[in-house]
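Notebook, one chain. I wanted the overall layout and then a look at the surface.

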Amino acid sequence: MEFLVNIKLQWTPNMDETLKQQVITDERSHAAVLIEKGHLVRMWRVPCRFENWGVWRAKSATELHQIISGLPAFPWMSDVAVTPLAKHPVDPSDYEV
């Protein structure tokens, strides 16, 4: 299954800069693993906001929950919105160019 996921982040006020940089480093390393496993399909930053949109792949909503809640930055996610995606009959990926 594919899911459209919107994640909003909010660092703790006065957060230790070393901890913040470690979380960012850990998040990027963890994302690379999730990309390799096929769970993180696409990711976009929202300009001028501390949030992103992504297409994620998981066997179920439960597995997606485990993946998202296992992210190093999860404790600082202020909002996570998940929309399951279903195949559309005119999806351009079904057509060869």
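I wrote the cut-offs down before anything else: a residue is buried under 20% relative accessible area, exposed over 50%, and partly exposed in between. The model I am working from is predicted.

Entry 1, one residue. I looked up Phe 74 and found it at 32% relative accessibility, so I logged Phe 74 as partly exposed. Where does Phe 74 lie? I placed Phe 74 in the loop that runs between helix 2 (61–69) and strand 4 (77–85).

Entry 2, the patch. I then checked which residues join Phe 74 in a nonpolar patch on the surface. Val 80 and Val 82 do, and the three together have about 200 Å² of accessible area.

Entry 3, secondary structure. I listed 2 helices and 4 strands for the chain. Following the sequence, I read the pattern as β-α-β-β-α-β.

Entry 4, extent and contacts. I noted that the C-alpha trace spans about 50 × 25 × 25 Å along its principal axes. For contacts with a separation of 6 or more, I found that 64% are between residues 24 or more positions apart.

Entry 5, burial and surface. What share of the 97 residues counts as buried? I recorded 29%. The chain exposes about 7,000 Å², and carbon and sulfur atoms supply 57% of that area.

Entry 6, charges. I counted 10 positive and 12 negative charges in the chain. I noted that the mean positions of the two sets are 2 Å apart.

Terms used
Residues are numbered from 1 along each chain as its sequence is written. This is a predicted model: local features need pLDDT of at least 70, side-chain atom pairs count only at pLDDT 80 or more; totals for chains, interfaces and linings use all residues. Side-chain values use heavy atoms; hydrogens and water are left out. Patches are made of residues with over 30% relative accessible area and no salt bridge: like charges are joined within 9 Å, nonpolar side chains (Val, Leu, Ile, Met, Phe, Trp, Tyr) within 5 Å. Accessible areas come from the Shrake-Rupley method with a 1.4 Å probe; for residues, only the protein chains shown count as cover. A salt bridge is a side-chain nitrogen of Lys or Arg within 4 Å of a carboxyl oxygen of Asp or Glu. Buried means under 20% relative accessible area, exposed over 50%, partly exposed in between (1.4 Å probe, protein chains only). Contact means heavy atoms within 4.5 Å. Lys and Arg count as positive and Asp and Glu as negative; His and the chain ends are not counted. The place of a charge is taken as NZ of Lys, CZ of Arg, CG of Asp or CD of Glu.
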